[in-house]
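I opened this entry to record, step by step, what I looked up in the structure and what each look-up returned.

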Amino acid sequence: MVRVLYCHGLESGPHGYKVEAMRAWAETVTCADQEMSLINPLKRHSIVRSLAAVLFDEGPSGWLPAAFQRSLEKCAQLQREALSSCGRVDVLVGSSWGGAVALKLLADGSYAGPSVLLCPAHRAPERWAGVFGADRLREEASALISSVANLHPEVKARCVLVHGTADTTIPIEDSRELAQRSELF
């Protein structure tokens, strides 16, 4: 049977539809609660809470980019801990924000096994930020893509990128660019 580590989306959680559907066919599905949200301050890794944490470290133009990067890193760290504590993982699945987290885990070498990336939201923060740091977030997303592009071909060969044309949350162009620049398919 298959053991899955699932990285959920932005406003989802460990009991969302996708993770529950996977639990019907996989031996084990580990889904750590990333406690992620754009605006819910009760979520530990939300952008709002990260924004409050970086207010004194960054100038006003850097607040939003730093908050997004802090939230992404906090979620990635949580998944690294899940990887080390859950034993064998046969496949990493990341959806939307969780797809961006999965990309980060691949890029930094925290995980090199089979991966399924569902509509990864690696470019979403630059759209959400608008004029408040979009350039910096665009550069950071491009750096993430470059890191994935530099992965060993065997690691990239174990990755599958899935994105539907009817997605209204994450533009398919983001995944097309990722596929083209990194040679993920």
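Before turning to linings I note the definition that I rely on: a pocket is an open set of grid points with protein on both sides within 12 Å along at least five of seven lines, and its lining residues have an atom within 4 Å of a point. The helices that I name are DSSP runs of H or I, at least four residues long, numbered from the N terminus. I also note that the model is a predicted one.

**Entry: the sheet**

I looked up the strand order and found five strands in an open sheet, arranged β2-β1-β3-β4-β5, with parallel pairing. The edges are taken by β2 (28-30) and β5 (159-162), and because each has a single partner strand, one side of each is left without a neighbour in the sheet. On average, with direction ignored, neighbouring strands of this sheet are turned by 20° against each other.

I then went to one pair, β3 (residues 91-95) with β4 (residues 115-118), which is joined in the parallel sense over four bridges. Which residue is the bridge partner of valine 93 in β4? I found valine 116 in that place. As background, I recall that in a regular strand the side chains alternate between the two faces of the sheet. For β4 I recorded a covered face made of Ser115 and Leu117, and an uncovered one made of Val116 and Leu118.

**Entry: just past β4**

Cysteine 119 lies in the loop between β4 and α5 (124-129), and I noted that its phi is near 45°, a positive value in a residue other than glycine. Is cysteine 119 buried or exposed? With 17% relative accessibility, cysteine 119 counts as buried, since the cut-off for that class is under 20%.

**Entry: the largest pocket**

I put the volume of the largest pocket at about 220 Å³. Its lining has 16 residues, and those nearest the centre are Gln69, Leu72, Glu140, Ala141 and Leu144. Helices α3 (63-85), α4 (97-107) and α6 (134-149) each give at least two residues to this lining, with the largest share, six residues, coming from α6. By class, I sorted the lining of the largest pocket into ten nonpolar, three polar and three charged residues.

**Entry: the second largest pocket**

The second largest pocket holds about 170 Å³ of space. It is lined by 16 residues, of which Gly9, Leu10, Ser12, Ser95 and Ser96 are the closest to its centre. Which helix supplies the largest share of the lining of the second largest pocket? I found that helix α1 (residues 17-23) does, with three residues. Here the lining divides into six nonpolar, eight polar and two charged residues.

I followed serine 95 further, which lies in strand β3 and, at 4% relative accessibility, counts as buried. Between serine 95 and serine 12 I read 9.7 Å from C-alpha to C-alpha, although the two are 83 residues apart in sequence.

**Entry: helix α4**

I checked burial along α4 and found ten of its eleven residues buried, so this helix is largely enclosed by the rest of the structure. Among the buried residues of α4 are Trp97, Gly98, Gly99 and Lys104. Just after α4, glycine 109 takes a positive phi of about 80°.

**Entry: two further loops**

Glutamate 35 is found in the loop between β2 and α2 (47-54); it has a positive phi of about 45° although it is not a glycine. Its relative accessible area is 23%, so I entered glutamate 35 as partly exposed.

Alanine 166 sits in the loop between β5 and α8 (172-182) and counts as exposed at 67% relative accessibility. From alanine 166 to glutamine 77 I read 31 Å between C-alpha atoms, with their places 89 residues apart in sequence.

**Entry: the record**

I looked up the annotation last: an unreviewed UniProt entry places the feature "domain: Serine hydrolase" at residues 69-181. In the model, the end C-alpha atoms of residues 69-181 lie 21 Å apart, and the span is 58% helix and 12% strand.

Key
Residues numbered from 1 in each chain as written. Predicted model: local features only at pLDDT ≥ 70, side-chain atom pairs only at ≥ 80, totals over all residues. Heavy atoms only, no water. Pairing = 2+ DSSP bridges. Axes fitted to C-alpha atoms, helices over the stretch in contact; angles between N-to-C directions. UniProt positions renumbered as here; feature names shortened; annotations may be inferred. 1 Å grid on protein atoms, 1.4 Å probe; cavity = no way out; pocket = protein on both sides within 12 Å on 5 of 7 lines; lining within 4 Å. Points joined across faces, edges and corners; volume = space filled by probe spheres on them. Nonpolar A, V, L, I, M, F, W, Y, C, P; charged D, E, K, R; others polar. Buried < 20%, exposed > 50% of the residue type's maximum accessible area, 1.4 Å probe, protein only.
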